[in-house]
Amino acid sequence: MWQPFLVFLIPLMLSNILQSASQTLNSIFLGRMIGVNALAAVSSLFPIIFLLISFVIGLSSGSTVLIGQAFGAKDLHKMKRVAGTTLSVSIILGVVIGALGFLFSRELLQAIRTPANILDDAAAYARIIFLMLPIFFPYLVYTTLLRGTGDSQTPFYFLIIGTVLSAIATPALIRGWLDLPQMGVPSAALAGFFANTVSFLALLIYLARVDHPLRFDMETLSDLKIDWKIFVAVVRIGVPTGLQIIMVALAEIAVITFVNRFGSNATAAYGAVNQVVGYVQFPAISIGIAGSIFGAQCIGARREDRLNSVVRSAVVLNYIIGAIIIGLCYIFAWDILGWFITDRNTLVIAHTLLMITLWSYVIFGNSSVLSGIMRSSGTVFWPTAFTIASIAAVEVPVAYLLMQKIGLDGVWFGYPAAFCVALALQFSYYTFVWKKRTHERLI
């Protein structure tokens with residue numbers, strides 16, 4: 001499995017790194033071209049957006065399992081039906097969540113105690129992000145569906161287009177280049193809106209030109225409705241995953257609420273570290289996704305005997321890649337954080353956070369692999385329950401209790417504590433329950 005795993009994994013990892021790079025560049029532009037308050041304003045919105053898109057991410061993961069199994073069984077019509085149902089739901093959710101978020105952005109930010117000195121900028125940024133969701137949700141779903149067929153290269157190519165466009169448009173709007181209006185903090189959101197729209201349209205045109213199995217054609221258009229049998233299967237797999245992501249988002253909202261109590265410098269430090277952590281976390285997530293897709297294709301092709309090879313390849317790659325990336329981040333931590341932050345006090349806070357949490361993301365990656373391979377068979381309840389338990393019963397309580405005892409530094413210890421508990425639970429269930437079962441196609 002090493003060769004096909006790496007062929008699929010490298011573009012997937014690069015895609016996730018590019019996504020992080022786009023956010024990183026925007027944070028650098030805002031932090032250095034406007035100031036630390038601009039970075040704090042954008043950072044304050046991150047947990048809310050993550051929470052609101054969690055259900056769509058869950059649906060995408062559920063549809064990926066079904067697409068992977070249908071692709072393994074060479075059932076192209078079923079692939080189209082899964083795609084049509086998932087896209088329909090993503091469009092509906094994008095419109096509804098986008099409208100509500102646009103109307104109540106300020107209230108949401110006030111609810112998490114966003115500092116008053118950055119509230120106006122954060123609300124302006126948030127309104128544009130919410131307007132983007134009706135386009136962003138279907139784009140997110142489409143790229144996920146393509147990966148379910150084993151095609152991780154096509155989404156990567158078009159993500160490059162979006163990243164480049166965003167990297168050009170953000171500073172142009174901040175400075176008002178080419179007679180554009182100077183938009184301030186909302187510049188990053190407007191640039192993202194423009195970049196995602198162009199990239200998504202280009203992707204659809206390309207898929208039609210190369211006659212891809214998941215191109216948007218008349219059959220896809222006729223399937224652009226909710227097939228309730230497929231929807232139930234997607235929900236059964238995706239909703240627990242979505243709930244898991246929601247719990248992660250709620251935990252982040254709790255954490256940012258704790259952090260906000262220490263002022264806008266602490267909020268900015270949190271945002272900068274999130275950018276760095278993305279480069280460590282997303283490769284780990286990518287490996288988990290790859291394991292889930294390869295596992296689903298093995299089950300669809302009735303090659304359950306290859307599942308152990310998928311797990312071994314994914315776990316080893318997680319520790320090799322994770323160790324390299326984390327080691328580099330530890331060595332160059334001051335320099336990397338300096339890309340985002342110029343204020344010395346904020347930089348020290350961010351560095352402390354990074355030193356406390358960074359090592360634990362290889363543990364997170366191992367847990368992601370095990371939950372991903374179990375999800376490929378439709379087993380989602382217990383892996384999800386274990387993750388939720390580690391967040392609700394470990395991460396947030398540990399962060400809160402240690403914050404009371406040792407201050408801001410105590411908030412960061414919740415992350416490694418939760419990751420270690422989650423891995424212990426996932427490994428126990430995988431070893432003593434899941435491996436002993438026979439796994440069949442879901443639809």
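**A walk around an enclosed cavity**

Three helices, α11 (264-300), α12 (307-331) and α15 (361-375), each give at least two residues to the lining of the second largest cavity. That's a handy place to start looking around. Keep in mind that this is a predicted model. The protein chain has an average pLDDT of 85, and 98% of the residues score at least 70. Helix by helix, the lowest mean pLDDT among the elements, 75, belongs to α2 (residues 36-52), while α18 (residues 414-432) has the highest, at 93. Where pLDDT is low, the coordinates shouldn't be read in detail.

Back to the cavity. Searching the whole structure turns up four cavities of 30 Å³ or more, and the second largest holds about 60 Å³ of space. Which helix gives the largest share of its lining? That would be α12, with five residues. If you want to find the spot in the 3D view, look for the lining residues, among them Val-280, Pro-283, Asn-318, Ile-321, Gly-322 and Tyr-361. Ala-284, Ile-287 and Val-362 are also part of the lining, and so are Ile-325 and Ile-326. As for chemistry, nine of the lining residues are nonpolar, two are polar and none is charged.

Now follow α15, one of the helices around that cavity. From its first C-alpha to its last, this helix of 15 residues reaches 20 Å, close to the 21 Å expected at 1.5 Å a residue. How much of α15 is buried? The count is 15 of its 15 residues.

Next, have a look at α14 (residues 344-357), a helix of 14 residues. Its ends, C-alpha to C-alpha, are 20 Å apart, close to the 20 Å expected. Just at the start of α14, Asp-343 has a side-chain oxygen that comes to within 3.3 Å of the backbone nitrogen of Asn-345. Further along, the buried residues of α14 include Leu-347, Ala-350, His-351 and Leu-354. Thr-346, Leu-353, Ile-356 and Thr-357 are buried as well. When you look at a pattern like this, it helps to know that an α-helix has 3.6 residues a turn, so residues three or four places apart point the same way.

One last stop is Thr-170, which sits in helix α7 (residues 153-175). Is Thr-170 buried or exposed? Thr-170 counts as buried because its relative accessibility is 0%. Compare its place with that of Val-56: the two are 114 residues apart in sequence, and their C-alpha atoms are 26 Å apart in space.

Key
Residues numbered from 1 in each chain as written. Predicted model: local features only at pLDDT ≥ 70, side-chain atom pairs only at ≥ 80, totals over all residues. Heavy atoms only, no water. 1 Å grid on protein atoms, 1.4 Å probe; cavity = no way out; pocket = protein on both sides within 12 Å on 5 of 7 lines; lining within 4 Å. Points joined across faces, edges and corners; volume = space filled by probe spheres on them. Helix = DSSP H or I, 4+ residues; strand = E, 2+ residues; numbered from the N terminus. Nonpolar A, V, L, I, M, F, W, Y, C, P; charged D, E, K, R; others polar. Expected span 1.5 Å × (residues − 1). Buried < 20%, exposed > 50% of the residue type's maximum accessible area, 1.4 Å probe, protein only. Polar contact = N/O pair within 3.5 Å; in protein donor to acceptor, adjacent residues only side chain to side chain. pLDDT = per-residue confidence, 0-100.
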